Amino acid sequence: MPDLICVGCGPGDPELLTVKAVKAIQNAEVIVCPTSKEGKPSIVYSIIESLVDKSKKPEVVNLVFPMVKEKDTLENSWLQNAQVIAEKVLSGKKVVYLTVGDPYLYSTWIYIDRELQGKYPQIKISVIPGIVSMFTFASKVGISLAEGAETMAVIPSCYDLSRVKETAKNCDTMIFLKDGRYFDQVIALLREAGFPDSSIFAIGQDIGTDQEIIKKLTLGQVTKDTMTTKYFSIMVVKRA
(Lines give C-alpha, C1' and ligand atoms only; values in the text may rest on other atoms or scores of the structure.)
Protein backbone atom coordinates (compact mmCIF):
# COMPACT_ATOMS: atom_id res chain seq x y z
CA MET A 1 0.00 0.00 0.00
CA PRO A 2 1.49 3.41 -0.96
CA ASP A 3 2.25 5.68 1.99
CA LEU A 4 1.93 9.39 2.72
CA ILE A 5 3.20 11.09 5.88
CA CYS A 6 1.90 14.43 7.07
CA VAL A 7 4.40 16.20 9.32
CA GLY A 8 3.52 18.91 11.82
CA CYS A 9 6.49 21.29 11.79
CA GLY A 10 5.76 23.36 14.87
CA PRO A 11 5.69 27.14 15.28
CA GLY A 12 8.85 28.11 13.40
CA ASP A 13 11.90 26.83 15.25
CA PRO A 14 13.41 23.77 13.51
CA GLU A 15 14.69 22.53 16.87
CA LEU A 16 11.08 22.08 18.01
CA LEU A 17 10.37 19.29 15.52
CA THR A 18 10.11 15.79 16.92
CA VAL A 19 12.76 13.17 16.16
CA LYS A 20 10.12 11.25 14.21
CA ALA A 21 9.31 14.32 12.11
CA VAL A 22 12.97 14.90 11.24
CA LYS A 23 13.42 11.27 10.20
CA ALA A 24 10.38 11.43 7.94
CA ILE A 25 11.63 14.61 6.26
CA GLN A 26 15.14 13.25 5.75
CA ASN A 27 13.82 10.03 4.22
CA ALA A 28 11.39 11.77 1.86
CA GLU A 29 11.73 11.62 -1.91
CA VAL A 30 9.03 14.26 -2.37
CA ILE A 31 8.39 17.13 0.05
CA VAL A 32 5.04 18.85 -0.43
CA CYS A 33 4.60 22.34 1.04
CA PRO A 34 1.59 24.65 1.15
CA THR A 35 1.94 28.31 0.17
CA SER A 36 -0.56 31.13 -0.20
CA LYS A 37 0.45 32.42 -3.66
CA GLU A 38 2.08 31.12 -6.82
CA GLY A 39 5.80 31.86 -6.67
CA LYS A 40 5.71 32.77 -2.97
CA PRO A 41 8.21 30.83 -0.82
CA SER A 42 6.64 28.32 1.53
CA ILE A 43 6.89 29.35 5.17
CA VAL A 44 6.86 25.75 6.37
CA TYR A 45 9.71 24.79 4.04
CA SER A 46 11.82 27.63 5.43
CA ILE A 47 11.37 26.04 8.88
CA ILE A 48 12.70 22.63 7.88
CA GLU A 49 15.10 23.47 5.05
CA SER A 50 18.19 23.06 7.24
CA LEU A 51 17.02 19.53 8.12
CA VAL A 52 16.62 18.31 4.54
CA ASP A 53 19.18 15.76 3.32
CA LYS A 54 20.22 17.62 0.17
CA SER A 55 22.41 14.70 -0.96
CA LYS A 56 19.21 12.75 -1.67
CA LYS A 57 17.92 15.60 -3.85
CA PRO A 58 14.27 15.36 -2.80
CA GLU A 59 11.70 16.94 -5.07
CA VAL A 60 10.08 19.98 -3.41
CA VAL A 61 6.51 20.70 -4.54
CA ASN A 62 4.78 23.93 -3.55
CA LEU A 63 0.98 23.81 -3.62
CA VAL A 64 -1.09 27.00 -3.56
CA PHE A 65 -3.85 27.31 -0.96
CA PRO A 66 -5.41 30.73 -1.71
CA MET A 67 -6.28 32.86 1.31
CA VAL A 68 -9.83 33.64 0.25
CA LYS A 69 -13.30 32.93 1.62
CA GLU A 70 -15.04 31.84 -1.60
CA LYS A 71 -16.10 28.25 -0.97
CA ASP A 72 -15.86 27.15 -4.61
CA THR A 73 -12.33 28.50 -4.97
CA LEU A 74 -11.20 26.80 -1.78
CA GLU A 75 -12.80 23.46 -2.58
CA ASN A 76 -11.30 23.49 -6.08
CA SER A 77 -7.82 24.09 -4.65
CA TRP A 78 -8.25 21.26 -2.15
CA LEU A 79 -9.33 18.89 -4.91
CA GLN A 80 -6.47 19.81 -7.25
CA ASN A 81 -3.83 19.74 -4.55
CA ALA A 82 -5.01 16.37 -3.26
CA GLN A 83 -4.76 15.02 -6.80
CA VAL A 84 -1.16 16.24 -7.15
CA ILE A 85 -0.22 14.60 -3.86
CA ALA A 86 -1.99 11.36 -4.74
CA GLU A 87 -0.19 11.13 -8.09
CA LYS A 88 3.17 11.48 -6.34
CA VAL A 89 2.29 8.84 -3.76
CA LEU A 90 0.83 6.40 -6.28
CA SER A 91 3.98 6.67 -8.40
CA GLY A 92 5.78 4.88 -5.58
CA LYS A 93 7.61 7.86 -4.09
CA LYS A 94 8.08 8.47 -0.36
CA VAL A 95 6.01 11.62 0.11
CA VAL A 96 5.72 13.94 3.09
CA TYR A 97 3.28 16.81 3.38
CA LEU A 98 4.42 19.64 5.67
CA THR A 99 2.29 21.97 7.73
CA VAL A 100 3.04 24.68 10.28
CA GLY A 101 2.02 23.81 13.83
CA ASP A 102 -0.07 20.65 14.13
CA PRO A 103 -1.86 18.99 11.19
CA TYR A 104 -5.22 18.91 12.93
CA LEU A 105 -5.41 22.47 14.27
CA TYR A 106 -6.50 25.09 11.70
CA SER A 107 -4.32 23.44 9.07
CA THR A 108 -4.50 22.99 5.29
CA TRP A 109 -3.93 19.30 5.95
CA ILE A 110 -7.46 18.85 7.30
CA TYR A 111 -8.97 19.50 3.86
CA ILE A 112 -6.36 17.47 1.99
CA ASP A 113 -6.90 14.54 4.35
CA ARG A 114 -10.65 14.53 3.64
CA GLU A 115 -10.10 14.60 -0.11
CA LEU A 116 -7.56 11.79 -0.01
CA GLN A 117 -9.60 9.55 2.26
CA GLY A 118 -12.68 10.02 0.08
CA LYS A 119 -11.05 9.60 -3.35
CA TYR A 120 -7.86 7.61 -2.75
CA PRO A 121 -8.63 5.04 -0.03
CA GLN A 122 -5.70 2.91 -1.23
CA ILE A 123 -3.25 5.46 0.18
CA LYS A 124 -2.11 4.75 3.74
CA ILE A 125 -1.81 8.00 5.68
CA SER A 126 0.34 8.60 8.76
CA VAL A 127 0.34 11.85 10.73
CA ILE A 128 3.15 13.14 12.94
CA PRO A 129 1.87 15.79 15.38
CA GLY A 130 3.62 19.09 15.89
CA ILE A 131 3.97 21.66 18.67
CA VAL A 132 1.45 24.46 18.23
CA SER A 133 2.21 28.14 18.70
CA MET A 134 0.08 28.64 21.81
CA PHE A 135 2.13 26.12 23.80
CA THR A 136 5.41 27.61 22.60
CA PHE A 137 4.09 31.07 23.44
CA ALA A 138 2.99 30.03 26.94
CA SER A 139 6.44 28.59 27.66
CA LYS A 140 8.14 31.81 26.55
CA VAL A 141 5.82 34.14 28.43
CA GLY A 142 5.66 31.92 31.51
CA ILE A 143 1.88 31.71 31.93
CA SER A 144 -0.41 28.75 32.39
CA LEU A 145 -3.10 28.53 29.76
CA ALA A 146 -5.39 26.60 32.10
CA GLU A 147 -5.13 25.09 35.55
CA GLY A 148 -7.48 23.31 37.92
CA ALA A 149 -11.06 23.79 36.77
CA GLU A 150 -10.28 26.73 34.46
CA THR A 151 -11.58 26.70 30.92
CA MET A 152 -10.03 28.16 27.78
CA ALA A 153 -11.16 28.95 24.26
CA VAL A 154 -9.14 29.01 21.04
CA ILE A 155 -10.35 31.55 18.48
CA PRO A 156 -9.24 31.55 14.82
CA SER A 157 -8.87 34.59 12.60
CA CYS A 158 -12.45 34.66 11.25
CA TYR A 159 -14.32 36.43 14.00
CA ASP A 160 -17.99 36.44 14.73
CA LEU A 161 -17.62 39.08 17.43
CA SER A 162 -20.96 38.37 19.10
CA ARG A 163 -20.00 34.70 19.39
CA VAL A 164 -16.56 35.61 20.75
CA LYS A 165 -18.18 37.79 23.40
CA GLU A 166 -20.50 35.00 24.52
CA THR A 167 -17.58 32.58 24.66
CA ALA A 168 -15.51 35.06 26.69
CA LYS A 169 -18.25 35.30 29.33
CA ASN A 170 -17.75 31.62 30.14
CA CYS A 171 -13.97 31.20 29.78
CA ASP A 172 -11.01 31.99 31.97
CA THR A 173 -8.47 32.14 29.14
CA MET A 174 -8.98 33.39 25.59
CA ILE A 175 -6.41 32.43 22.97
CA PHE A 176 -6.55 34.27 19.65
CA LEU A 177 -4.58 32.74 16.82
CA LYS A 178 -3.36 33.63 13.35
CA ASP A 179 -4.46 37.12 12.40
CA GLY A 180 -3.22 40.11 14.36
CA ARG A 181 -5.19 42.50 12.13
CA TYR A 182 -8.30 41.63 14.15
CA PHE A 183 -6.88 41.74 17.65
CA ASP A 184 -7.69 45.37 18.46
CA GLN A 185 -11.38 44.67 17.85
CA VAL A 186 -11.64 42.25 20.76
CA ILE A 187 -10.04 44.27 23.58
CA ALA A 188 -13.17 46.27 24.40
CA LEU A 189 -15.24 43.14 23.85
CA LEU A 190 -13.27 41.22 26.49
CA ARG A 191 -13.76 44.01 29.01
CA GLU A 192 -17.49 43.97 28.29
CA ALA A 193 -17.45 40.20 28.86
CA GLY A 194 -16.09 40.68 32.38
CA PHE A 195 -12.33 40.46 32.00
CA PRO A 196 -10.93 42.96 34.58
CA ASP A 197 -8.04 45.33 33.80
CA SER A 198 -5.85 43.19 36.06
CA SER A 199 -6.16 40.23 33.64
CA ILE A 200 -2.91 38.90 32.20
CA PHE A 201 -2.40 40.06 28.63
CA ALA A 202 0.29 38.67 26.33
CA ILE A 203 0.81 39.15 22.62
CA GLY A 204 3.40 37.84 20.19
CA GLN A 205 4.26 37.62 16.52
CA ASP A 206 6.56 35.40 14.44
CA ILE A 207 6.95 33.01 17.36
CA GLY A 208 9.97 30.73 17.05
CA THR A 209 11.70 32.85 14.39
CA ASP A 210 14.46 35.47 14.38
CA GLN A 211 11.79 38.18 14.09
CA GLU A 212 9.97 37.07 17.25
CA ILE A 213 8.34 39.82 19.33
CA ILE A 214 6.63 39.14 22.68
CA LYS A 215 4.91 41.53 25.10
CA LYS A 216 3.38 40.75 28.50
CA LEU A 217 1.38 43.22 30.59
CA THR A 218 -2.11 43.58 32.01
CA LEU A 219 -5.28 44.20 30.05
CA GLY A 220 -5.52 47.65 31.61
CA GLN A 221 -2.11 48.60 30.22
CA VAL A 222 -3.02 47.78 26.64
CA THR A 223 -2.89 50.64 24.15
CA LYS A 224 -3.15 50.82 20.38
CA ASP A 225 0.65 50.68 20.19
CA THR A 226 0.63 47.35 22.02
CA MET A 227 -1.17 45.59 19.19
CA THR A 228 0.22 43.80 16.16
CA THR A 229 -1.07 43.74 12.60
CA LYS A 230 0.88 40.73 11.38
CA TYR A 231 -0.93 37.61 10.23
CA PHE A 232 1.18 35.10 12.19
CA SER A 233 0.36 36.45 15.63
CA ILE A 234 -1.05 35.19 18.90
CA MET A 235 -2.80 36.91 21.78
CA VAL A 236 -3.64 35.39 25.17
CA VAL A 237 -5.82 37.03 27.79
CA LYS A 238 -6.27 35.28 31.13
CA ARG A 239 -8.82 36.38 33.68
CA ALA A 240 -7.17 37.63 36.90
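The radius of gyration of the protein chain in this predicted model is 19 Å, which agrees with the value near 18 Å that a compact globule of 240 residues would have. Taken along the principal axes, the C-alpha atoms of the chain fill a box of roughly 60 × 35 × 35 Å. Of the 240 residues, 45% count as buried, and the chain exposes about 12,300 Å², of which carbon and sulfur atoms supply 51%. Among contacts between residues at least 6 apart in sequence, 70% join residues that are at least 24 apart. The secondary structure of the chain comprises seven helices and ten strands.

Five of the strands form an open sheet with parallel pairing, in which the order is β3-β2-β4-β1-β5. The edges of this sheet are occupied by β3 (59-64) and β5 (124-128), each of which pairs on one side only. Neighbouring strands of the sheet are turned against each other by 25° on average, with direction ignored. Within this arrangement, strand β1, spanning residues 3-8, runs parallel to strand β4, spanning residues 95-99, and the two are joined by five bridges; V7 has L98 as its bridge partner in β4.

Two helices that pack on the sheet may be described in relation to these strands. Helix α1, comprising residues 19-26, touches β1, β2 (30-35), β4 and β5, and its direction makes about 130° with that of β1. Helix α4, comprising residues 109-119, also packs on the sheet, where it touches β1, β4 and β5, and its direction makes about 160° with that of β5.

At the level of single residues, the surroundings of L63 illustrate the environment of one position in an edge strand, since L63 lies in strand β3 and β3 is an edge strand of the sheet. The relative accessibility of L63 is 5%, and because the cut-off for a buried residue is under 20%, L63 counts as buried. Leaving aside residues up to four places away in sequence, L63 touches V32, C33, P34, T35, N81, V84 and I85. Among these contacts, V32 and C33 fall within the residue range 30-35 of strand β2, the strand listed beside β3 in the order of the sheet. For N81, another residue that L63 touches, the separation along the chain is 18 residues, while the C-alpha atoms of L63 and N81 are separated by 6.4 Å.

Terms used: Residues are numbered from 1 along each chain as its sequence is written. This is a predicted model: local features need pLDDT of at least 70, side-chain atom pairs count only at pLDDT 80 or more; totals for chains, interfaces and linings use all residues. Side-chain values use heavy atoms; hydrogens and water are left out. Two strands pair if DSSP finds at least two bridges between them. Helices (H or I, at least four residues) and strands (E, at least two) are DSSP runs, numbered from the N terminus. Axes are lines fitted to C-alpha atoms, for helices over the stretch in contact, and angles run from 0 to 180 degrees between N-to-C directions. Contact means heavy atoms within 4.5 Å. Buried means under 20% relative accessible area, exposed over 50%, partly exposed in between (1.4 Å probe, protein chains only). The radius of gyration is taken over C-alpha atoms; the globule rule is 2.2 Å times the number of residues to the power 0.38. Accessible areas come from the Shrake-Rupley method with a 1.4 Å probe; for residues, only the protein chains shown count as cover.
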